[in-house]
Amino acid sequence: MADYKAPLRDMRFVLNEVFDAPGHWRAMPALAEVVDAETAEAILEEAGKITAGTIAPLNRSGDEEGCHWQDGAVTTPAGYPEAYRLYAEGGWVGVGGDPAYGGMGMPKAISAQVEEMMNSASLAFGLYPMLTSGACLSIYAHASEALKQKYLPNMYAGVWAGSMCLTEPHAGTDLGIIRTKAEPQADGSYKVTGTKIFITGGEHDLTENIIHLVLAKLPDAPAGSKGISLFLVPKVMVNDDGSLGGRNSLACGSIEHKMGIQASATCVMNFDGATGWMVGEPNKGLAAMFTMMNYERLGVGIQGLATGERSYQSAIEYARERIQSRAPSGPVAQDKAADPIIVHPDVRRMLLTMKALNEGGRAFSTYVAMQLDTAKFSEDEVARKRAEDLVALLTPVSKAFLTDMGLETTVHGQQIFGGHGFIREWGQEQLVRDCRITQIYEGTNGIQALDLVGRKVVGSGGAFYRHFADEVRAFIASAGAEMAEFTTPLEAALVNLDELTRFVLEQAKRDPNEIGAASVEYLHTFGYTVYAYLWARMAQASLGRSSDDFYASKLGTARFYFARLLPRIHSLTASVRAGSASLYLLDAAQF
């Protein structure tokens, strides 16, 4: 496998030339004080060094060794504790955290790039700081000031880790039926009892403490999801002076044996009257948890993008070096027995698909991150509300489409290696295995599609969608004649999506099955249209500069996207319009 190199040039292009992120930050006083183009450049350079130099070399060895469980203790693979310590000492766990508690205070547009680099280097390693950052988000937004002061500084510093404990053996998507209980105590604490499964980083040897955020129900809680509360439950009790006390009443019962992300500890966690404190208000735990999920679902989407990027870097190196057969038009490498496989049309199709999806995905993840920043930091109430609506609309798309495209990309990368792609030592098969989980956790992609169509499109009466459509129309109207080759097919794709959205809104009024029947194909149609908009913006930033290979490559990839990938929307649209009837032609026994 090729050595990982952080795609810093492309990240700078997206941030500075496509979206003018520095201008965006200057317009918001809370960000203008902490970040500018030079600061961002320095942060990304340093992140590129530690991810490529320290973490990426552990990716394959970590996969081969995996985690070890013995008597409730979990040991991570060789090199992980040392690498994590270096990562934490650099302040990377708290890159987006509030400086008042020791974080860097960077916008999501910056931390999204850091997340991509981390997950390209090693998705399994990246899950440990990701879960800590997610826990910090919920604590910061909903916990009491005393809890924030007590826990956030050490979590941002990477001295303590975090976990999110949602799923139970009988309750995954339907969290309303969880059985974990929290009994109130006289001192204001709670005794938490229950079993949670699939807990990423629930136990490990990377930090001296792990702060679990646990969904549980109070004794008098109403039924269903309206009766869920959130509790902070530390692995090791923390004394009033901040020092560590005794072990809490919780333990890791086992770790899962998985298809991928072997170096990430996926734990069964047993809480046996463990001491915890409520985060937020009683029976409003899901709202507190979803503060994290808007960010972390984008983070999971970035994992799909990141594995695709790592796969592409290896595939392009292999395609330039591996010689097999001659080019259809005649020999290219006259001094060799055969030509490098990059001359063959099908290899080029796969490489260009990977490149177009990765670079489109990077633009998309950055675009959504900037909406999150606007929603959080803008002092313009109208702009903030619009950004909140766009985040609501695009979060399920970013999680599902980025990960679906990530799997497609890693499979293409494996295919380019041929038989070697199926062999462990080349590294491509690991990326396929690792990427696969991204379509499943943090809400399966089918659930994301239901969220998009049912809650965000139908639920808002199309209002959230109109924000996006109006922005694309304004871009098309402002583009010059030189952009026609990109804006003409973009406009046609938008008209198609407009009509499909109206169709779904109408059908949903008639038959409740129509939302679920349309959802996945609608989300993909939406995703390809979003990428078309962003590829048009990238093309606009590259026009007139094709004497530079970087911009020439951008324009060529944009043309490939519009010619070969955007047309996928037509078959997807036909599937949506076919409706739900064919899904119910068989009785359960006939399957």
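This is a short tour of three places in the structure: helix 7, helix 13 and Thr180. Keep in mind that the model is predicted.

**Stop 1: helix 7**

Start by selecting residues 108-121, which form helix 7. If you place a distance label between the C-alpha atoms at its two ends, you should read 19 Å. That agrees with the 20 Å that its 14 residues should span at 1.5 Å a residue. Now show the surroundings. Is helix 7 largely enclosed or not? Since 14 of its 14 residues are buried, helix 7 is largely enclosed by the rest of the structure.

**Stop 2: helix 7 against helix 10**

Add residues 285-321, helix 10, to your selection. Two packed helices are described by the angle between their axes and the distance between the axes. Here the axes come within 8 Å and cross at roughly 45°, which makes helix 7 oblique to helix 10. The crossing is right-handed. To see the contact, show side chains on helix 7 for Lys108, Ala112, Glu115, Glu116, Asn119, Ser120 and Ala121. On the helix 10 side, the residues to pick include Tyr295, Leu298, Ile302 and Arg310. Try colouring this contact by residue type: it divides into seven nonpolar, four polar and five charged residues.

**Stop 3: helix 7 against helix 11**

Next, bring in residues 345-377, helix 11. Its axis is 8 Å from that of helix 7, and the two pack at an angle of about 145°. This crossing, too, is right-handed. From helix 7, select Lys108, Ala109, Ala112, Gln113 and Glu116; they meet Arg362, Thr366, Ala369, Met370, Leu372 and Asp373 of helix 11. Coloured by type, the contact has five nonpolar, two polar and four charged residues.

**Stop 4: helix 13**

Jump to residues 428-436, helix 13. How many of its nine residues are buried? Eight are, and the helix is mostly covered. Among the buried ones are Leu431, Val432 and Cys435, along with Glu429 and Arg433. Which helices do the buried residues pack against? Show helix 5 (59-65), helix 8 (123-142), helix 10 and helix 12 (381-416) to find these partners.

**Stop 5: Thr180**

Finish at Thr180, in the loop between strand 3 (160-165) and strand 4 (181-184). Is Thr180 buried or exposed? Its relative accessibility is 0%, so Thr180 counts as buried. Leaving aside residues up to four places away in sequence, Thr180 touches several others, including Glu168, Val192, Lys196 and Val214. Lastly, select Phe271: it lies 91 residues from Thr180 along the chain, and their C-alpha atoms are separated by 8.5 Å.

Technical notes:
Residues are numbered from 1 along each chain as its sequence is written. This is a predicted model: local features need pLDDT of at least 70, side-chain atom pairs count only at pLDDT 80 or more; totals for chains, interfaces and linings use all residues. Side-chain values use heavy atoms; hydrogens and water are left out. Helices (H or I, at least four residues) and strands (E, at least two) are DSSP runs, numbered from the N terminus. The expected span of a helix is 1.5 Å times one less than its number of residues. Buried means under 20% relative accessible area, exposed over 50%, partly exposed in between (1.4 Å probe, protein chains only). Axes are lines fitted to C-alpha atoms, for helices over the stretch in contact, and angles run from 0 to 180 degrees between N-to-C directions. Angles under 35 degrees count as roughly parallel, over 145 as roughly antiparallel, 65 to 115 as roughly perpendicular and the rest as oblique. A crossing is left-handed if the near helix is turned anticlockwise from the far one by less than a right angle, and right-handed if clockwise. Contact means heavy atoms within 4.5 Å. Ala, Val, Leu, Ile, Met, Phe, Trp, Tyr, Cys and Pro count as nonpolar, Asp, Glu, Lys and Arg as charged, and the others, Gly among them, as polar.
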